[in-house]
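Work through the exercises below with the sequence and the model open. Each task is followed by a solution in steps.

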Amino acid sequence: MLLVQFKNEQGARQVGALEQNTIRIIDGYSTTYALAQDAIRKAVGLAALVEKSVGAQTAAFDAVAAAGRLLSPLDHSDDAHTYVTGTGLTHLGSADTRDAMHKKIGGDVESLSDSMKMFRMGVEGGKPAAGEAGVQPEWFYKGDGSIVAASGQDLSMPDFALDGGEEPEVAGLYVIGDDGQPYRVGFAIGNEFSDHVTERQNYLYLAHSKLRVCGLGPALLVGEAPASIEGTSRIYDKEGKVRWEKPFFSGEQNMSHTIANLEHHHFKYPLFKRPGDVHVHFFGTATLSVADNIVVQPGETFEIDSPQFGPALRNKLAVYKTEVAKVKTL
């Protein structure tokens, strides 16, 4: 089941179940958040509540997307109550990449870079037995709900950025219940957009490189994620022609960590179990255009396409002028 949030022609929010090009609008709920919270409080499955609440009204997805009325698949009315975070060094990549990576991390541990040491730790301990905690992954903070762009919206980077590059990923979407229990609402494809040139200067700049916007959606997949996820990452030039494309792989079959282990090490912190909050947690990637020396230009478009998650995510790169706030003493 796929869920989509959007605005109708009058500007009111709606949420519906997506079936091919038809959005079956859900009665009694205007947001995915309200739907999820009600499912938690009624102790019913989200899919069951959706099926019970779908009405007769429909909308055409293509028309909604063309009009720029899509919203991210899960959000909070107060952006400050949404955490956007992620993990890195979690993916094995294609078979060729996987073979090369295993050769790279073999041998003497002390001769490896810090990144390769962490990757090796994940390969060796990222998939623990059920009920046990595995090795913790690399973790980073991206921002709050204000940095999430829906499909069709620009990904705007600051003018001081050295790069604006895509990262095709799967994200887990969560709501924290009244009892402080994290509930996974579902999964969505995303573009965990980053500044890779800044990061390459020194890996300690990772935190700076991640403080950027991201793309999410357009649909939310209810239930468990497929064990193997395949998609294609593309960059279109300003004329709409593909100038770079490459397949990407995700899902636990293509990862060095289980999703449960990544979730364990995120939600083990009390800070991330505050009732009512929303979490968007990216699970990592192994495919980057910057690795092929591609420099994306403002006005060009990113496309992250994985049919298992419904329609493709599309965002155009833009640049905004930095307004530095000079600190004043009180």
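## Exercise 1: the largest pocket

Task: find which helix gives the most residues to the lining of the largest pocket, then describe that lining.

Solution.
Step 1. H5 gives the most, with 5 residues in the lining of the largest pocket. The model is a predicted one.
Step 2. Place H5 among the other contributors. At least two lining residues each come from strand S5 (82-88), helix H4 (95-105), helix H5 (114-125), strand S6 (138-144), helix H6 (196-201) and helix H7 (206-210).
Step 3. Take the volume: the largest pocket holds about 910 Å³ of space. Its lining has 32 residues, and those closest to the centre are Leu89, Ser115, Glu199, Thr285 and Leu288.
Step 4. Sort the lining by residue class: 13 are nonpolar, 11 polar and 8 charged.

## Exercise 2: a residue beside that pocket's centre

Task: locate Leu89 in the chain and state the sign of its phi.

Solution.
Step 1. Leu89 sits in the loop between S5 and H4.
Step 2. Its phi is near 60°, which is positive, and the residue is not glycine.
Step 3. Leu89 is also one of the residues closest to the centre of the largest pocket.

## Exercise 3: the second largest pocket

Task: give the volume of the second largest pocket and identify what lines it.

Solution.
Step 1. The volume is about 230 Å³. Of 13 lining residues, Val44, Leu46, Tyr183, Arg184 and Val185 are the closest to the centre.
Step 2. Helix H1 (32-42) and strand S10 (182-191) each supply at least two lining residues, and S10 gives the most, with 4.
Step 3. By class, the lining has 8 nonpolar, 3 polar and 2 charged residues.

## Exercise 4: two helices in contact

Task: how are H1 and H2 oriented to each other, parallel or perpendicular?

Solution.
Step 1. The axes of H1 and helix H2 (residues 46-53) come within 9 Å and cross at roughly 115°.
Step 2. Angles of 65 to 115 degrees count as roughly perpendicular, so H1 and H2 are roughly perpendicular to each other.
Step 3. The crossing of H1 past H2 is right-handed.
Step 4. H1 makes the contact through Leu35, Ala36, Asp38 and Ala39, and H2 through Leu46, Leu49 and Val50. These residues divide into 6 nonpolar, no polar and 1 charged.

## Exercise 5: a cis peptide bond

Task: which residues does the cis peptide bond with omega of about 10° join?

Solution.
Step 1. The bond joins Gly217 and Pro218.
Step 2. Pro218 lies in the loop between strand S11 (214-216) and strand S12 (219-221).

Definitions and conventions. Residues numbered from 1 in each chain as written. Predicted model: local features only at pLDDT ≥ 70, side-chain atom pairs only at ≥ 80, totals over all residues. Heavy atoms only, no water. 1 Å grid on protein atoms, 1.4 Å probe; cavity = no way out; pocket = protein on both sides within 12 Å on 5 of 7 lines; lining within 4 Å. Points joined across faces, edges and corners; volume = space filled by probe spheres on them. Nonpolar A, V, L, I, M, F, W, Y, C, P; charged D, E, K, R; others polar. Axes fitted to C-alpha atoms, helices over the stretch in contact; angles between N-to-C directions. Parallel < 35°, antiparallel > 145°, perpendicular 65-115°, else oblique. Left-handed = near helix turned anticlockwise from the far one by under 90°. Contact = heavy atoms within 4.5 Å.
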